[in-house]
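Welcome, and thanks for taking a look. Here are a few notes to read alongside the structure.

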Amino acid sequence: MSAEPTVRTDAFTFYALATLSFVESSVPEFVSTLNVMYADDPEMRDWLRETWLREEIEHGRLARTYIARTWPEFDWQPAYEAFLVRYKPLCDVEYMRPSLALEALSRCVIETETAMIYRCLEAEMTDPELKAMMRKLSSEEVGHYRYFRKTFDRYNAAERHGVIRRLHTIVKRSEMVRDEDISIAFEPLSDAAFWRGPKPFKEMTWQEFLDVSGDMMKRRMPVEAATRMMFKPLETGVWWRDKPTRALLSFMVKRQYPQLAGSDA
Ligand SMILES: [Fe+2]
Ligand SMILES: [Fe+2]
């Protein structure tokens, strides 16, 4: 099936698919790090290898295949290698969260954000093939979220991190998704060295890409699902029902996630 002709000239679709293809394809780097961290947890290691790794690699492959067909002049492999040079050191164990519960929590943040980005892209895309791809990706990210959420609960029963620590972990990891993961993936995309001919669209700067993505997220964000997934791990016992606490958290959270403004976080 060939892509719609309009997709080829749409810069935003290219940058969105290429950044996701890089970040998804780099998952083996994280699996080795997480295997070291969760060395005493064979069930987790099995799941990482048999489910998580397989599905994330497939996400990268699907996006890459679409890119190769739609923008054949883009040299994916060397551009990906340029991304890995900068990204790989950040996958090291020293950059992970300081405990097994908090690392699982930060994975919940990444899975939530990727699920939501894919839900928004599904709504935004006009090509039925891309829509179907985004639907598959977002539903699998929700599955990953569920597993990491269970892992967080399991470890936090012993580690007992309070709500401020949890919120801090959520906010910090969320900033990294935008400021590190996606921005590093964006960097090589416009580099002429990775194009075998002129680009069929007008290049976007990082700021332009952020503006267009932010606008899309505002219009398309499935607020209820995002709120539920992102903040569920903050719930602990009775205090959660306490109104002033909820109001304070809601304020902090909405400052961090303006897309959720208007929701009942
Ligand atoms: Fe994925
Ligand atoms: Fe995932």
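What makes the arrangement of the four donor atoms around the iron ion (ligand 2) irregular? The points below begin with some ground rules and then answer this.

1. This is a predicted model, in which local features need pLDDT of at least 70, side-chain atom pairs count only at pLDDT 80 or more, and totals for chains, interfaces and linings use all residues. Residues are numbered from 1 along each chain as its sequence is written, chains are lettered from A and ligands numbered from 1 in the order in which they are written, and side-chain values use heavy atoms, with hydrogens and water left out.

2. The iron ion (ligand 2) is held by Glu56 (OE), Glu111 (OE), Glu141 (OE) and His144 (ND1), at 1.9 to 2.2 Å. Donors here are N, O and S atoms within 2.8 Å of the metal (3.2 Å for Na, K and Ca); water is not among the atoms, so sites may look incomplete. The angles run from 92 to 138 degrees, which makes the arrangement irregular. Four donors count as tetrahedral if all angles lie between 85 and 135 degrees; four count as square planar and six as octahedral if opposite donors are over 155 degrees apart and all others between 65 and 115; anything else is irregular.

3. Glu56 bridges this ion and the iron ion (ligand 1), 3.8 Å apart. For the iron ion (ligand 1), the donor residues include Glu24, His59 and Glu141.

4. Both Glu56 and His59 are buried, meaning under 20% relative accessible area, with exposed over 50% and partly exposed in between (1.4 Å probe, protein chains only). Glu141 is buried as well.
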